[in-house]
Amino acid sequence: MLIDEIVGWRAGLDDLLARFAHRFGRAEPRRQALTYLVGLLSPLATKNGWTLAEAAGDATPDRMQRLLNPCLSG
């Protein structure tokens with residue numbers, strides 16, 4: 001049952017990302033957006049740039065910040 005739930009969640013995330021993927025001109029920011037969504041839905045105790053980046057395997061929060069900066073400035 002757990003595997004089916006994971007597959008279902010992943011399919012749901014892929015469907016959600018498909019709704020706004022056209023907003024990203026390149027594949028890298030699309031993948032980062034998916035990683036960001038997964039981090040927000042994760043059971044992390046604290047969710048900020050550093051913790052989301054660490055959960056994604058990034059050494060620094062730079063990628064997460066680059067993903068969000070255009071949204072915050074515009």
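Ala, Val, Leu, Ile, Met, Phe, Trp, Tyr, Cys and Pro count here as nonpolar, Asp, Glu, Lys and Arg as charged, and the others, Gly among them, as polar. With those classes in mind, the tour of this predicted model can begin at its largest pocket, which has a volume of about 340 Å³.

Select Phe-24, Pro-29, Gln-32, Arg-66 and Leu-67, which are the closest to the centre of the largest pocket among the 15 residues that line it. Then colour α2 (27-41) and α4 (62-73), since each of these helices supplies at least two residues of that lining. By class, the lining has ten nonpolar, one polar and four charged residues.

Next, select the largest nonpolar core, whose ten residues are Leu-13, Leu-17, Ala-33, Leu-34, Tyr-36, Leu-37, Leu-52, Ala-53, Met-64 and Leu-67. At least two residues of this core come from each of α1 (2-20), α2, α3 (49-56) and α4, and α2 gives the most, with four residues. Within the core, centre the view on Leu-52: leaving aside its neighbours within four places in sequence, Leu-52 is in contact with Tyr-36, Gly-39, Leu-40, Leu-44, Lys-47 and Met-64.

The last stop is Asp-58, in the loop between α3 and α4. Is Asp-58 buried or exposed? Asp-58 counts as buried because its relative accessible area is 13%, and the cut-off for buried is under 20%. Show its side chain together with that of Arg-63, and a polar contact of 3.1 Å between the two side chains can be displayed. Beyond its neighbours within four places in sequence, Asp-58 is in contact with Gln-32, Ala-53 and Arg-63.

Notes
Residues are numbered from 1 along each chain as its sequence is written. This is a predicted model: local features need pLDDT of at least 70, side-chain atom pairs count only at pLDDT 80 or more; totals for chains, interfaces and linings use all residues. Side-chain values use heavy atoms; hydrogens and water are left out. On a 1 Å grid over the protein atoms alone, a cavity is a set of points where a 1.4 Å probe fits but cannot get out, and a pocket is an open set with protein on both sides within 12 Å along at least five of seven lines; lining residues have an atom within 4 Å of a point. Grid points are joined across faces, edges and corners, and a volume is the space filled by probe spheres set on the points. A nonpolar core is a set of buried Ala, Val, Leu, Ile, Met, Phe, Trp, Tyr and Cys residues joined through side-chain atoms within 4.5 Å. Buried means under 20% relative accessible area, exposed over 50%, partly exposed in between (1.4 Å probe, protein chains only). Contact means heavy atoms within 4.5 Å. A polar contact is a pair of N or O atoms within 3.5 Å; within protein, one must be able to donate a hydrogen and the other to accept it, and residues adjacent in sequence count only if both atoms are side-chain atoms.
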